[in-house]
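Trainee: I'd like a close look at one part of this model, please. Pick a strand arrangement you find instructive, take me through it residue by residue, and then show me how the rest of the chain is put together.

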Amino acid sequence: MLSTVARSKRAAHRLPVVVVVRALSTEPTSHKPTPDLPPPGLTPSSSSSSSSTKNAKYRLYPQPRPAVSHRHSPLPKLPPTFGRNQLLPVSNSTRALLESIVAKFDAPIRYAFAYGSGVFEQDGYAENRKEGKEGPMLDFMFAVTHPAHFHSINMQQFPGHYPLHARVFGSSYVRRLQEISPGVWFNPYVTMNGVTIKYGVTTVDNLCADLLNWRTLYLAGRMHKPLRIIKDDARVRLTQQVNLTSAVRAALLTLPSNFSETELFERIAGISYTGDPRMLLPAENRGKVGNIVAKQGPQFKELYHRLVVGLPGVHWAPNSSAIEQDVSAKARSAHLKKLPVELLGRVKQNYAQKGGVDKELESDEAAYWVKLAGDEQLSQVLRQGVYPILYAPSDLILCVRYPATVQSIKGIASAGVGKSLRYGAAKVNKWWTGS
């Protein structure tokens, strides 16, 4: 009896401890079956019926971060009217055709434009159409973020666009070949939507670098002329506006105090052909610059008029074709020192080698450029189509010639021997007929 009472007392003393332990325990004290719960962090979609709850889809939390952060945009949105001079209109049928062709590509394209005689008419092609000759190819340029990724997807979708060796070696081989200066891969003689096209692929970084610095002038020179933007990008539009302004400054330095808009447009259009080996060999139309300007005058004026009148010392009435500019050494030096950095580096290098400027002036930047812009030989050299490189007049030619020559050689690898011969034959025919 006493032992029983003692055991009861000891149990009573242990009871609060058990209660406290159970209160602190995370395990349920009940043995009743609990309903199925979603995994931690998952919440079922709202549904009133039990069957919908059973088949509910769960949402991850926290959600995966987006691929591109929307809090820190790499480039703020440009004003709606910025660069509106670049948005050149085309006919509705041409616009629909260009957009339908670009829309067929599954590979991601950030910036795309169409250019050349297939988009904007050039002098001489109307006669060819009347004679029943084949029309010009439509030329496209695509700027992408990751070239290997683009070519991998594009090669799966359109294997016929690539030569056999490119398909064998794969997209990494195409990317490495594309990276060779001037950084473009071309697929010519491709039939899409019933028309023959040629499209080039480059990176947005390479395109913007050339637009800003004129590193090769291969892409920047093409974009001096009218083109139709199909896919727009804020970064490219901004750098393209700088490129167009640089073209105007360079052209003004080659012109006298009074000149016509046609002369201005021809100087601008001729920048990309300075030093192009195709202009020396029978591989390009001898009158190409004149043919471009003759039929595309309104597009050139839309592209450049606002930029020209915005420069100091230049007067161009809206309804006039006559242009006036201040040709004093101080006014020209303002254009000269703002030319692209690649060209200015060559200018300084050649002046240093030839001793064209006193060493005392090198410390005074303003006097340095005024001295260069006021040289008596400047007008003569500039009228020959060479920019302000007085003591080495071949610098701009070499700047264009090297990448243009390399790209012509690359064309054999990118297009294949057959398409390269066909393309070369067509160019020789244009050179021979002068159309």
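Mentor: Happy to. Let's begin at a turn: β9 and β10 are joined by a hairpin through 6 residues. Keep in mind that this is a predicted model, so what follows describes the prediction.

The two arms of the hairpin are strand β9, residues 314-315, and β10; they run antiparallel and are joined by 2 bridges. You can follow the pairing by residue. Histidine 315 has glutamate 324 of β10 as its bridge partner, and valine 314 stands opposite glutamine 325, also in β10. Now turn to strand β8, residues 258-260, which pairs with β10 over 3 bridges, again in the antiparallel sense. Here phenylalanine 259 has isoleucine 323 as its bridge partner in β10.

Put together, these strands make an open sheet of 3 strands, ordered β8-β10-β9, with antiparallel pairing. β8 and β9 are the edge strands, each pairing on one side only. As general background, strands of a sheet pair through backbone hydrogen bonds, in either the parallel or the antiparallel sense.

Strand β10 spans residues 322-325 and has two faces: Ile323 and Gln325 form the covered one, while Ala322 and Glu324 form the uncovered one. This links back to the pairing. Ile323, on the covered face, is the partner of phenylalanine 259. Glu324, on the uncovered face, is the partner of histidine 315.

For a contrast, go to strand β4, residues 138-144, where 7 of 7 residues are buried. Leu138, Phe140, Phe142 and Val144 point one way from this strand, Asp139, Met141 and Ala143 point the other way, and all of them are buried. β4 also has a different mix of pairings from the sheet above: with strand β3, residues 111-115, β4 runs antiparallel over 5 bridges, whereas with strand β6, residues 195-203, β4 runs parallel over 7 bridges. Tyrosine 111 has alanine 143 as its bridge partner in β4, and leucine 138 is partnered by isoleucine 197 in β6.

Tyr111 is a good guide into the interior. The largest nonpolar core holds 55 residues, and Tyr111, Leu207, Trp214, Leu264 and Tyr304 are the ones touching the most other members. Helix α10, residues 234-252, gives this core its largest share, 7 residues. A second core, separate from that one, has 31 residues, including Ala107, Val144, Val190 and Met192. Val144 you have already met, as one of the buried residues of β4. In soluble globular proteins, nonpolar side chains tend to be buried together.

Tyr111 also helps line an enclosed space. There is 1 cavity of 30 Å³ or more, and the largest cavity contains about 40 Å³. Its lining consists of Gln86, Leu88, Tyr111, Leu227, Ile229, Gln240, Leu244 and Leu303. Of these, 6 are nonpolar, 2 are polar and none is charged. Both β7, residues 227-231, and α10 supply at least two residues each to that lining.

Helix α10 is also where you find arginine 237. With a relative accessible area of 13%, arginine 237 counts as buried because the cut-off is under 20%. Beyond its neighbours within four places in sequence, arginine 237 contacts Leu78, Pro80, Phe82, Gly83, Gln86, Leu87 and Asp232. Notice Gln86 in that list, since Gln86 is also one of the cavity-lining residues.

Another charged residue worth a stop is aspartate 210, in helix α8, residues 204-213. Aspartate 210 is buried too, with a relative accessible area of 1%. Outside its neighbours within four places in sequence, aspartate 210 touches Arg215, Thr216, Leu217, Tyr218, Leu219 and Ala220. Its C-alpha atom is 10.0 Å from that of glycine 183, a residue 27 places away along the chain.

Finally, step back to the whole chain. The protein chain has 21 helices and 10 strands, and 43% of its 435 residues count as buried. Among contacts between residues at least 6 apart in sequence, 71% join residues at least 24 apart. When you return to the sheet we started from, look first for β10 between β8 and β9, and then for its covered pair, Ile323 and Gln325.

Conventions
Residues numbered from 1 in each chain as written. Predicted model: local features only at pLDDT ≥ 70, side-chain atom pairs only at ≥ 80, totals over all residues. Heavy atoms only, no water. Core = buried A, V, L, I, M, F, W, Y, C linked by side-chain atoms within 4.5 Å. Buried < 20%, exposed > 50% of the residue type's maximum accessible area, 1.4 Å probe, protein only. Helix = DSSP H or I, 4+ residues; strand = E, 2+ residues; numbered from the N terminus. Contact = heavy atoms within 4.5 Å. 1 Å grid on protein atoms, 1.4 Å probe; cavity = no way out; pocket = protein on both sides within 12 Å on 5 of 7 lines; lining within 4 Å. Points joined across faces, edges and corners; volume = space filled by probe spheres on them. Nonpolar A, V, L, I, M, F, W, Y, C, P; charged D, E, K, R; others polar. Pairing = 2+ DSSP bridges.
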